Amino acid sequence: MNHGKKYDVFGVGNALVDVLAQVDDQFVARFELPKGSMNLMDSRRQASVLNQLEHRSLQLASGGSAANTMATIARSGGSGVYIGQVAHDPHGEFYKADMVKVGIDFPVALAPETGLPTGTSVILTTPDAERTMCTHLGISTSLNKSNVDFELLSDSQISYIEGYLWDAAEPQAVCIETFEQSRKRGVVTSFTFSDAFLIDRFLDDFNSIVDEYCDIIFCNSDELCCFFKSDNLNECHSKLAARVKLAFATDSANGCYVLENGSVNHVPGFSIQAIDTVGAGDAFAGGTLYGLTHGMSSRQAARWGNYCASCVVAKIGPRLDSDVHNQLGLASSSN
């Protein structure tokens, strides 16, 4: 990797405004939502959920999986540019300002307000820290190649793409083009599976991506088992380690596993009382990508990713509230 480049990471994902709410299990069951899942829905169904939250305290945050990852890179002291589509509406203006405020370049123009609205995700967090997402993608599904300045990709060390983009044809095409352009421009490629339900729907596509394009894979234990259609996690670790150059598989409070050069190594997590798991995997990826672009070994980078994830689950909301680069010495506890 060329450490003289302007950006550490070039991120591509769905740009969504998160609406955060604390609820009980009965609220989730009332809407027949699988607890802990991400549920795509139209604006009418999402509005029915919001109507039942009108007397509760709600919090807004700019979100989307890859955007949360980019924010963690910035909070760690790194640099990045993010590509995602929002509308010229209040949510879109909030989103763009919030990304710039955290320190991530956001060069995509706001789409005209006459079209689809900025995408939103109503995130329901239950007392056990599980989060259930009710997502209306809105204008994010219109992201297309004309939105992307690939010269910015040339000035980046790593490209990072989220699996959630596979839900619409044009964003899918952006993903493939970003992979192709990364190869042409000597940029390291990384991809996150994002959610097990995506693997169920796009297994053939994800297999092709892993084999044809990816230098680095991010996933969690559930996604990995779904990918290989097996309940034997150790076996799944070994299979992925044999297929990719480098992968990071998170395992909740157990930390993560680094799969590299055919080997599997466990990296411990940090003991923390989790109150909200929203954004944990995104923060892990952000911390890890920061480490990889700043001279850390893969295991040190994963240790820093674990730390960033532990900070996120100890608070409400998907992102770190303040800079954490003064804690970077914690990464050296695993090498």
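In the predicted model, five strands form an open sheet of mixed pairing in the order β3-β7-β6-β2-β4, where two strands are taken to pair if DSSP finds at least two bridges between them. Helices (H or I, at least four residues) and strands (E, at least two) are DSSP runs, numbered from the N terminus. The edges of this sheet are formed by β3 (38-40) and β4 (59-63), each of which pairs on one side only. Neighbouring strands are turned by 25° against each other on average, direction ignored; axes are lines fitted to C-alpha atoms, for helices over the stretch in contact, and angles run from 0 to 180 degrees between N-to-C directions. At one edge, β3 runs parallel to β7 (residues 131-136), and three bridges join the two strands. N39 stands opposite C134 in β7. Residues are numbered from 1 along each chain as its sequence is written, and side-chain values use heavy atoms, with hydrogens and water left out. Because the model is predicted, local features need pLDDT of at least 70 and side-chain atom pairs count only at pLDDT 80 or more, whereas totals for chains, interfaces and linings use all residues.

At the other edge, strand β4 contains L60. This residue is partly exposed, with a relative accessible area of 42%; buried means under 20% relative accessible area, exposed over 50%, and partly exposed in between (1.4 Å probe, protein chains only). When neighbours within four places in sequence are left aside, L60 is in contact with V17, D18, V19, H91 and F94, contact meaning heavy atoms within 4.5 Å. L60 and E130 are separated by 70 residues in sequence and by 18 Å in space, C-alpha to C-alpha.

An open sheet of eight strands, also with mixed pairing, follows the order β5-β1-β8-β9-β10-β11-β12-β13. Its edges are occupied by β5 (80-83) and β13 (263-267); each has a single partner strand, so one side of each is left without a neighbour in the sheet. The twist from one strand to the next averages 20°. Within this sheet, β8 (residues 156-162) and β9 (residues 188-192) run parallel and are joined by five bridges. E162 stands opposite T192 in β9. In general, strands of a sheet pair through backbone hydrogen bonds, either parallel or antiparallel.

Helix α6 (residues 169-185) includes S182. With a relative accessibility of 0%, S182 counts as buried. Apart from neighbours within four places in sequence, the contacts of S182 are with L153, S159, V187 and T189.

Helix α9 (residues 233-243) contributes the buried residues L233, C236, H237, L240 and A241. Viewed down the axis of α9, the buried residues fall within an arc of 135°, so they line one face of the helix; the arc is that of the directions from the helix axis to the C-beta atoms. An α-helix has 3.6 residues a turn, so residues three or four places apart point the same way. The buried residues of α9 pack against β10 (216-220), α8 (221-228), β11 (246-250), β12 (256-260) and β13. On the other side of α9, N234 and A242 are exposed.

Helices α3 (residues 65-75) and α4 (residues 90-102) have axes that come within 9 Å and cross at roughly 30°. That crossing makes α3 roughly parallel to α4; angles under 35 degrees count as roughly parallel, over 145 as roughly antiparallel, 65 to 115 as roughly perpendicular and the rest as oblique. The contact involves A67, A71, A74 and R75 of α3 together with Y95, M99 and V102 of α4. Its residues divide into six nonpolar, no polar and one charged; Ala, Val, Leu, Ile, Met, Phe, Trp, Tyr, Cys and Pro count as nonpolar, Asp, Glu, Lys and Arg as charged, and the others, Gly among them, as polar. Helix α4 also contains A97, which counts as partly exposed at 47% relative accessibility. A97 and I123 lie 26 residues apart in sequence and 21 Å apart in space, C-alpha to C-alpha.

Two loop residues have positive phi values. Most residues other than glycine have a negative phi, and most peptide bonds are trans. E32, in the loop between α1 (25-30) and β3, has a positive phi near 55° and is not a glycine. E32 is exposed, with a relative accessible area of 69%. K229, in the loop between α8 and α9, likewise has a positive phi of about 55° although it is not a glycine. K229 is exposed, with a relative accessible area of 53%.
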